[in-house]
Amino acid sequence: MSERHRFWQRALRFLSLEIPREASSAFIGGEHSLQQEIWIRSLRKEQQKQIDMTMPLDEVMFIIIDMETTGFSPQHGDEILAMAAAKTVNGIVKETYFTLVCPEKAIPPHISSLTGIQAEDVQHAPRLWEAMRSFLSFIHGGVMIGYHIGHDLSFLNHFLWTYYRTKWTARFLDMQPIAEMVRHRPFPSLDAALQYYGISCEKRHTADGDVQAMAELWDRLLEELKSRNIETLYDLYSALSMR
């Protein structure tokens, strides 16, 4: 198959996915398109590397993530407005990431009221296909963790499937069942867990503010896990499987 033939196959594939015009022009452009495909393949190889399950929890890089979105369903047009992450080792934040994202549609008023994100805040922010590249580069290489992380993963996987026909394959954990396991009580929301542990969050419902609060919560949870002789990733997965 010629390179020209492969190029047009990629072009037709991207155009058939109903990608916004600006994104499709950026992603099917010959050499740039090939670079994108090489990059996503290399990222997947990194994700697929086996993490040593006998590694002590205080040596594992846990990457805390949070996204602010316009709703709960990317399949029905809800969009990402902000993404934040923090690389932590032994409960200590080593590096952080944050970006606003310019959505395709107007931000609903109730979302602006909840998150504080107004139209003027995202006017000059990158579009999702621009911001996601740096976000994916930041979060790979560790165990991703968050509170109700399924929400964030649904938006992440929607993006990956739309653009690359792939899904997130690296390890991830949800803080909620971990907190409920160590305290033997329900924590239906991040607010409930933060209140129980006496952790304040001045910037609640902002991606960076929530990540900062979750980093403090994760530090507390790590100490409780170790006090219960849950010391490795294997121990943690085993304990969660017996809930």
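## Helix α9 and its neighbours

In this predicted model, the buried residues of helix α9 pack against two other helices, α8 and α10. Helix α9 spans residues 190–197, and the residues in question are L190, A193, L194 and Y197. Their arc around the axis is only 95 degrees, so they sit on the same side of α9. Just past the end of α9 comes G198, with a positive phi of about 65 degrees.

## α8 against α11

One of those partners, α8, also has a contact with α11. Helix α8 covers residues 175–183 and helix α11 covers residues 233–241; their axes come within 10 Å and cross at roughly 80 degrees. That crossing makes α8 roughly perpendicular to α11, since angles of 65 to 115 degrees count as roughly perpendicular.

Who does the touching here? On the α8 side the residues are P177, I178 and M181, and they meet L236, A239 and L240 of α11. Sorted by class, this contact has six nonpolar residues, with no polar and no charged ones.

## The sheet

Now for the strands. Five of them form an open sheet with mixed pairing, in the order β3-β2-β1-β4-β5. The edge positions go to β3 (92–100) and β5 (172–174); each has a single partner strand, so one side of each has no neighbour in the sheet. From one strand to the next, the twist averages 25 degrees.

Going through some of the pairs, β1 (residues 61–69) and β4 (residues 143–146) run parallel and are joined by three bridges. Within that pairing, I64 has I145 of β4 as its bridge partner. Two helices pack on this sheet. Helix α6 (residues 128–139) touches β1, β2, β3 and β4, and its direction makes about 10 degrees with that of β2. Helix α10 (residues 207–227), which also packs against the buried residues of α9, touches β1, β2, β3 and β4 as well, but its direction makes about 145 degrees with that of β1.

## A closer look at β2

Strand β2 (80–89) has β3 and β1 on either side in the strand order. Is β2 mostly buried or exposed? Nine of its ten residues are buried, so the rest of the structure largely encloses the strand.

The pairing of β2 with β1 is antiparallel and uses nine bridges; in it, D66 stands opposite A84 of β2. With β3, the pairing is again antiparallel, this time over eight bridges. There, V89 has I92 of β3 as its bridge partner. The hairpin of β2 and β3 leaves two residues between the strands, and in it N90 takes a positive phi near 55 degrees.

## G116 in its loop

Away from the strands, G116 lies in the loop that links α4 (109–115) and α5 (119–122). Its relative accessible area is 44%, which means G116 is partly exposed: the cut-offs are under 20% for buried and over 50% for exposed.

What does G116 touch? Setting aside neighbours within four places in sequence, G116 is in contact with I111 and D121. There is also a long-range pairing in space to check in the viewer: G116 and T206 are 90 residues apart along the chain, yet their C-alpha atoms are separated by 7.7 Å.

Note on methods: Residues numbered from 1 in each chain as written. Predicted model: local features only at pLDDT ≥ 70, side-chain atom pairs only at ≥ 80, totals over all residues. Heavy atoms only, no water. Axes fitted to C-alpha atoms, helices over the stretch in contact; angles between N-to-C directions. Helix = DSSP H or I, 4+ residues; strand = E, 2+ residues; numbered from the N terminus. Parallel < 35°, antiparallel > 145°, perpendicular 65-115°, else oblique. Contact = heavy atoms within 4.5 Å. Nonpolar A, V, L, I, M, F, W, Y, C, P; charged D, E, K, R; others polar. Pairing = 2+ DSSP bridges. Buried < 20%, exposed > 50% of the residue type's maximum accessible area, 1.4 Å probe, protein only. Arc of directions from axis to C-beta.
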